[in-house]
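Subject: Structure for you to look at, with notes

Dear colleague,

I am passing on the structure we talked about, and my notes follow below it. Please have it open while you read, since the notes refer to it throughout.

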Amino acid sequence: MSVKSGDMIYFQFQAVEGDQTEIYQSIVGRADNDSLYIGPLSHKKSSSGKKLTLGEELYAYYLIDNEIKHYFSTIVTGFDSTSSLSRIRKPLQEEISVVQRRQYLRVKAQIEVAVKKEDHRFVAITDNVSAGGLSFTTDVMNKVQKNDVLECWLLIHMKNGKIDHIPLTAKVMNVLDSTSLTPRYLLEYTVISETDRQKMIRYCFERQFDFRVL
């Protein structure tokens, strides 16, 4: 189901100070085939406003039945001179990612991850990541097994050029291609700070946008 007039849209922005992510909201005033016209943005908690700029990239989502998040990326394309509405590009249906509210957006990403299992250390490469878990492949000689608890350090490159180090602890939930020389391991985070989780959410939004504009 595509976003339509009257829907509430939530926009994610990097905080001016610190590493937190701020959420602003706006109501769709009207929609046409190519554009959405949204009202002024207000902070979800403080109700403070935020001004948009022409060409600004936005990372957004809206809710269906208060349960399912529909993520999309868009761009500010103009402003309506006769009203207070801002015009943003309307996403195509295939550009919208649907995620259950209690889940996180998952994207393909090859990120170097340093892993420690007890006194054994190695480096692996992820094939996808989210703010709740990741998967990676590594040499079978590293002897990772289902239910192992691993200490991990991710190195993520943000679109603004900033490099963030994300320390976390994760549990191996499943092992795929276990007979291969490079099995694939599915991990779920068990310990991650809320600040670092927000960084991962932001990273996934940016990756999703990159895929849409290719």
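Which residues form a nonpolar patch on the surface, and how much accessible area do they have together? The patch consists of Val140, Met141 and Leu181, and their combined accessible area is about 330 Å². Leu181 is placed in the loop between strand S15 (163-176) and strand S16 (184-191), and with a relative accessibility of 67% this leucine counts as exposed. Please bear in mind, here and in everything below, that this is a predicted model.

Overall picture

The chain has 214 residues, of which 46% are buried, and its secondary structure comprises 1 helix and 16 strands. Measured out along the principal axes, the box filled by the C-alpha atoms is roughly 65 × 35 × 30 Å. The accessible surface amounts to about 11600 Å², with 49% of that belonging to carbon and sulfur atoms. Among the contacts with a separation of 6 or more, 53% are between residues that stand 24 or more positions apart.

Salt bridges

Side chains of opposite charge can pair when their charged atoms come close. In this structure there are 10 salt bridges, and I describe some of them here.

One of them joins Arg184 to Asp127, with 2.8 Å between the closest N and O atoms. Because Arg184 belongs to strand S16 and Asp127 to strand S12, this pair ties together parts of the chain that are 57 residues apart in sequence. Both partners are partly exposed, Arg184 at 24% relative accessibility and Asp127 with a relative accessible area of 26%.

Another salt bridge is formed by Asp164 and Lys199, whose closest N and O atoms are 3.6 Å apart. This pair, too, links distant parts of the chain, given that Asp164 sits in strand S15 and Lys199 in helix H1 (residues 194-213), 35 residues apart. Lys199 also meets the side chain of Asp196 in a salt bridge, at 3.5 Å from N to O, and these two residues both lie in helix H1, 3 residues apart, which is about one turn of the helix. As for their surroundings, Asp164 and Lys199 are both buried, the relative accessible area of Lys199 being 11%, while Asp196 counts as buried at 8% relative accessibility. Taken together with Lys162, the residues Asp164, Asp196 and Lys199 are linked in a network of salt bridges.

Cysteines and a buried serine

How many disulfides does a search of the whole structure find? The search finds 0. For Cys152 the reason is one of distance, because its sulfur is 15 Å from the closest cysteine sulfur, that of Cys204, which is too far for a bond; a disulfide would need the two sulfur atoms to be within 2.5 Å. Cys204 is likewise in no disulfide, its nearest cysteine sulfur being that of Cys152. Both cysteines are nevertheless buried, Cys152 with a relative accessible area of 1% and Cys204 with one of 2%.

Cys204 comes up again in the surroundings of Ser130, a residue found in the loop between S12 and S13. Is Ser130 buried or exposed? At 2% relative accessibility, Ser130 counts as buried. Leaving aside residues up to four places away in sequence, Ser130 touches Tyr104, Leu105, Arg106, Tyr189, Met200 and Cys204. In addition, a polar atom of the Ser130 side chain lies 3.0 Å from the backbone nitrogen of Gly132.

Positive phi angles

Two backbone positions may also be of interest when you go through the loops. Glu118 has a positive phi of about 55 degrees although it is not a glycine; this glutamate is in the loop between strand S11 (112-117) and strand S12 (120-129), where it counts as exposed at 66% relative accessibility. Lys143, which is not a glycine either, also has a positive phi of about 55 degrees. Its place is in the loop between strand S13 (133-137) and strand S14 (149-157), and with a relative accessible area of 59% Lys143 is exposed.

With best wishes

Methods:
Residues numbered from 1 in each chain as written. Predicted model: local features only at pLDDT ≥ 70, side-chain atom pairs only at ≥ 80, totals over all residues. Heavy atoms only, no water. Buried < 20%, exposed > 50% of the residue type's maximum accessible area, 1.4 Å probe, protein only. Helix = DSSP H or I, 4+ residues; strand = E, 2+ residues; numbered from the N terminus. Patch = residues over 30% accessible without salt bridge, like charges linked within 9 Å, V, L, I, M, F, W, Y side chains within 5 Å. Areas by Shrake-Rupley, 256 points an atom, 1.4 Å probe, with all protein chains shown as cover. Salt bridge = Lys/Arg side-chain N within 4 Å of Asp/Glu carboxyl O. Polar contact = N/O pair within 3.5 Å; in protein donor to acceptor, adjacent residues only side chain to side chain. Contact = heavy atoms within 4.5 Å.
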